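Reader: Please give me a close reading of one part of this model, going from the pairing of its strands to the side chains and the annotated positions. I would like each term to come with its cut-offs.

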Amino acid sequence: MPQLGLLPGRAWTVLLGLLRPPPGALCIRAVRSHSQVAEALIASQLKPHQEKSNFTIKTPKGTRDLSPQQMVVREKILDVVVSCFKRHGAKGLDTPAFELKEILTEKYGEDSGLIYDLKDQGGELLSLRYDLTVPFARYLAMNKVKKMKRYHVGKVWRRESPTIVQGRYREFYQCDFDIAGQFDPMIPDAECLKIMCEILSGLHLGDFLIKVSDRRILDGIFAVCGVPESKFHAICSSVDKLDKISWKDVRHEMVVKKGLAPEVADRIGDYVQCHGGISLVEQMFQDPRLSQNKQALEGLGDLKLLFEYLTLFGVAEKVSFDLSLARGLDYYTGVIYEAVLLQTPVHAEEEPLNMGSVAAGGRYDGLVGMFDPRGHKVPCVGLSIGVERIFSIVEQRIKTFGEKIRTTETQVFVATPQKNFLQERLKLIAELWDAGIKAELMYKNNPKLLPQLHYCENMGIPLVVIIGEQELKEGVIKLRSVASREEVAIKRENLVAEIQKRLSES
């Protein structure tokens, strides 16, 4: 046990208070001896530290911190995405991180079990948002908005087993673009696919393919193959797994777990393993069974029109009609699509990552009506960019090639080679800040010049302004290029203009 002499002053005060008998009481009533009280006090002080030693400091499962370097990468990705959304005329929107539980219930099919429910904290049952689409539909219905083109960047939460290597987390960002309103068929849908192509090309991720199908075609296939209507959603969720598991495993799930007749599953297999372009659409029109289904014909007609518009947009070669695409979420009603990278590595040195889809979306014409008291529908179509998966690909590329990332955007560093120049540096940096120039200085009264210059080289700061006795006397400031190490003397009153000129040229 530590000696009493090592106790801090405040602890001695507490100890003496414990030892002092209450007024009128006999000392013999003191239950503990001096040493017992001291031991108890010391033990109480040490206990928290002992408990902390067993505490594991970590982020919750399926989440992560982002370092300054990672934040730079993420912001560049988001800049490409949001710039594209704005280029297409979208307005920004945000909604709460959590919604009333009933808003989210029964909107996601089998995935509804992945919704995070919150503890009742005031009479409302709440859940963290699962995606940005359902909150958008709720917003439209609540505010009686009939027409809107919006983008939304925000976090969503899913209680699934995370696969970090594939860019899957329990907390992650989504970047959504949606067009709400009654318009002529397939024009907004084609624009969404054009946006996908622009973003994926702009991020330089390598070659990609956008798979397209239509829920009406899928439902038509299920109907003509003999699937009971009550099992449409369940079978759709099974088909949706074809990008992850084989047809044999999907068939097994349909028959054994979902009670579908084997011959019905086989008929479905004949369709959902087909993929191609506009020629496949034409072929499906001629299918003797499918051509008898009104829903399927409507879907095929819209897909034919969609391919015409995609050809005019110059992106048809990036799109494939793929009947294995199902998009298991319950709210899709028409065209659905999903973008996959065909070859993740751009360079031979990179290892391929199995990332799954990097963007997806579709038409959901009935979702807004679910929230409207009178059931008024607002047709909607949209897309979501898989930022986390894209981030994992870019991060791996940076790691492979050892790229150096600037974590600040500082343009100018204010330095001095001499003592007692803090006031002059502060006046100078305030002048730069007021002119909108990103500037830094070292938080020391009398820093040495060499560490200041080394800091600029390490941080990638392009310019240094240096002020000392000689410069102050002559009314000039030295302007130094960090890369070339060349220095020129600039009149104090011309400094801001000269810096701005150099920055605009770089």
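Author: Strand β10 and strand β11 (residues 380-385) run antiparallel and are joined by five bridges, where strands (E, at least two residues) and helices (H or I, at least four) are DSSP runs numbered from the N terminus, and two strands pair if DSSP finds at least two bridges between them. This is a predicted model, in which local features need pLDDT of at least 70 and side-chain atom pairs count only at pLDDT 80 or more, while totals for chains, interfaces and linings use all residues. Residues are numbered from 1 along each chain as its sequence is written, and side-chain values use heavy atoms, with hydrogens and water left out.

Within the β10 and β11 pairing, G362 stands opposite G382 of β11. β10 also pairs with β9, again in the antiparallel sense and over five bridges, with G361 of β10 as the bridge partner of Y337. Seven of the seven residues of β10 (357-363) are buried, that is, under 20% relative accessible area, with exposed meaning over 50% and partly exposed in between (1.4 Å probe, protein chains only).

From β11 the picture extends to strand β5 (residues 171-180), which holds D176. The side chains of D176 and S384 are joined by a polar contact of 2.7 Å, a term for N or O atoms within 3.5 Å, one able to donate a hydrogen and the other to accept it within protein, with residues adjacent in sequence counted only if both atoms are side-chain atoms. D176 is buried but has no salt bridge, as R150, the nearest side chain of opposite charge, is 4.4 Å away; a salt bridge needs a side-chain nitrogen of Lys or Arg within 4 Å of a carboxyl oxygen of Asp or Glu, and Lys and Arg count as positive, Asp and Glu as negative, with His and the chain ends not counted.

Q174, also in β5, counts as buried because its relative accessible area is 10%. Its contacts (heavy atoms within 4.5 Å) include S384, I385 and L132, and a polar atom of its side chain lies 3.5 Å from the backbone nitrogen of L132.

Y331 sits in the loop between β8 (319-322) and β9 (335-341), and its side chain makes a polar contact of 2.7 Å with that of D131. Among the residues that Y331 touches is R363. An unreviewed UniProt entry places the feature "binding site" at positions including D131, L132, Q174 and Y331; such positions follow the numbering used here, feature names are shortened, and annotations may be inferred rather than shown by experiment.

Definitions and conventions: Lists of a residue's contacts leave out its neighbours within four places in sequence.
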